[in-house]
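The report below was prepared for a reader who has the sequence and the coordinates at hand. It moves from the overall fold to individual helices, residues and contacts.

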Amino acid sequence: MKIFQMDRKIKLLCLVYFMVAQSSMMARATSDSFLLKYFQVESIPLMIMAAASLSIVLAVFTTYLCGRFQAFGAMRIATAGLVLSLVGIIALVFYLGNSGENKIIYVFAYMLCEVIVILPMVLFWGMAVGVLNPTESKKWLGLIGAAGTCGCILAGYTISFVSKQEYVNELSLGMVAGVLLVVSFILVVRAKLLTIDDDEAAPSAQSASILRKLAVLISSRQSVLMTGLVVFSAVVLSLIDINFKFEVREFYSNKSRGELYDFFGQFYTYTSIAQLILQLLVVRAVLTRGGVWAAISILPVLLLLTSVFALVVGDRNAVYVSKFITQVVFFTIEYVGLQ
């Protein structure tokens with residue numbers, strides 16, 4: 001594979017996903033820090049549920065945008081909107097959010113970061129699948145994913161560095177805004193490489209209503225099973241994430257917010273490095289030798305073994321191990337299997 005002789009749009013997709021994944025991981029560390037530092041224990045599940053509900057609303061809205069403007073147009077609109085929202089939130093945090101006294105500001109900041117974690121990445125993959133043909137997808141999606149993992153590794157180091165600064169909240173949000181601003185600029189300058197010609201898009205798909213698309217989703221046994229896999233995966237991820245946040249909050253309850261940022265920065269750095277290793281050495285072998293069933297079975301087996309070990313030994317560190325396994329395996333082997 002001659003990487004340096006690849007098509008320009010592949011290089012551009014690698015660059016864009018590198019930055020999208022970087023912004024997503026920095027937003028994840030920032031939102032986790034806000035959640036654990038400025039909210040009580042009983043509020044954490046409610047905040048996570050509220051963020052999930054917001055994601056549902058945004059998913060419906062994104063479906064509309066993609067049908068109207070293609071995934072590329074939807075991503076350009078969403079990225080610009082997120083940058084403007086971040087600028088406003090940064091100003092509010094700087095002037096009114098001292099010592100977490102004004103909780104409503106951090107509610108909006110947390111929700112916005114949770115949107116950034118998911119929305120740009122979903123739109124990016126919609127855009128990438130649209131501009132790549134099946135042959136190009138099989139050949140290059142792995143490399144594009146690896147570029148994103150490198151972005152996550154850099155994000156972890158960035159958050160760890162920012163955690164040692166005085167205005168850690170403002171700087172972390174500002175770094176996310178800066179990266180998304182560059183992405184938005186690239187999408188404007190290189191629009192021709194990432195836009196599907198109108199005659200290539202299916203008119204029926206663009207004009208279909210959201211209700212029609214939901215009807216298609218539940219119209220066959222295959223789509224129902226696929227939806228079930230995604231739903232159950234999301235439930236497991238949420239339960240593990242909530243337990244993980246409880247443990248981290250208890251340990252860092254009497255420590256500074258900088259230490260909390262530093263923990264999440266290092267945690268997501270190490271998990272991203274492990275993800276990169278799996279992407280380069282393991283994922284392809286699992287798919288070619290074991291197929292889809294092997295890919296979606298590894299994570300449940302590992303989590304089951306971890307749970308049994310935790311029950312036998314009684315070690316609470318199993319919560320960290322479960323989160324680490326989930327973060328690494330789900331976003332590599334499991335995610336590819338679901339796709």
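The following paragraphs describe a predicted model.

## Overall fold

The protein contains 13 helices and zero strands. Along the sequence, its pattern accordingly reads α-α-α-α-α-α-α-α-α-α-α-α-α. Of the 339 residues in the protein, 46% are buried.

## Two helices with bends

Helix α2 covers residues 43–96 and has 54 residues. A straight helix at 1.5 Å a residue would reach 80 Å, yet the end C-alpha atoms of α2 are only 21 Å apart. A bend of about 115° is found in α2 at Phe69.

Helix α3 (residues 103–131) gives another result. Its 29 residues should span 42 Å at 1.5 Å a residue, and the 43 Å between its end C-alpha atoms agrees with that value. Helix α3 nevertheless bends by about 30° at Ile116. A proline, Pro120, follows Ile116 within four residues.

## Salt bridges

How many salt bridges does the structure hold? There are two, and they link Arg28, Asp32 and Glu114 in a network. In general, side chains of opposite charge can pair when their charged atoms come close.

One of the bridges joins the side chains of Asp32 and Arg28, at 3.6 Å from N to O. Both residues belong to helix α1 (residues 8–38), where they are four residues apart, about one turn of the helix. An α-helix has 3.6 residues a turn, so residues three or four places apart point the same way. Asp32 and Arg28 are both buried.

Arg28 also meets the side chain of Glu114 in a salt bridge, at 2.7 Å from N to O. This pair links distant parts of the chain, with Arg28 in helix α1 and Glu114 in helix α3, 86 residues apart. Glu114 is buried, as is Arg28.

## Residue pairs separated along the chain

Three pairs of residues that are separated in sequence are listed here with their spacing in space.

| Pair | Separation in sequence | C-alpha to C-alpha distance |
|---|---|---|
| Leu12 and Ile186 | 174 residues | 8.7 Å |
| Val131 and Leu13 | 118 residues | 9.7 Å |
| Ala109 and Ser85 | 24 residues | 9.4 Å |

One residue of each pair can be placed further. Leu12 lies in helix α1, and it counts as buried because its relative accessible area is 9%, below the 20% cut-off. Val131 belongs to helix α3; with a relative accessibility of 12%, Val131 is also buried. Ala109 is likewise located in helix α3, and its relative accessible area of 1% makes Ala109 a buried residue.

## Cysteines

What does a search of the whole structure find in the way of disulfides? The search finds zero. Cys14, for instance, is in no disulfide, and the nearest cysteine sulfur, which belongs to Cys150, is 9.8 Å away. A disulfide requires two cysteine sulfur atoms within 2.5 Å, so the 9.8 Å between the sulfurs of Cys14 and Cys150 does not qualify. Cys14 is itself buried, at a relative accessible area of 13%. Cys113 is buried too, with a relative accessibility of 1%.

## A nonpolar surface patch

Is Tyr270 buried or exposed, or does it fall in between? Tyr270 is partly exposed: its relative accessible area is 49%, a value that lies between the limits of 20% for buried and 50% for exposed residues. The residue is found in helix α10.

Tyr270 also contributes to a nonpolar patch on the surface of about 740 Å². The other residues of this patch are Tyr157, Ile273, Ile277, Leu280, Leu281 and Phe324. Helix α10 (residues 257–281) supplies the largest share of the patch, namely five residues.

## Summary of the picture

In this predicted model, a protein with 13 helices and zero strands includes a helix α2 that bends by about 115° at Phe69. Helices α1 and α3 are linked by the salt bridge between Arg28 and Glu114, two residues that are both buried. Elsewhere, helix α10 provides five residues of the nonpolar surface patch, and no disulfide is found.

Terms used: Residues numbered from 1 in each chain as written. Predicted model: local features only at pLDDT ≥ 70, side-chain atom pairs only at ≥ 80, totals over all residues. Heavy atoms only, no water. Helix = DSSP H or I, 4+ residues; strand = E, 2+ residues; numbered from the N terminus. Expected span 1.5 Å × (residues − 1). Bend = angle between axes of the 7 residues up to and from the residue. Buried < 20%, exposed > 50% of the residue type's maximum accessible area, 1.4 Å probe, protein only. Patch = residues over 30% accessible without salt bridge, like charges linked within 9 Å, V, L, I, M, F, W, Y side chains within 5 Å. Areas by Shrake-Rupley, 256 points an atom, 1.4 Å probe, with all protein chains shown as cover. Salt bridge = Lys/Arg side-chain N within 4 Å of Asp/Glu carboxyl O.
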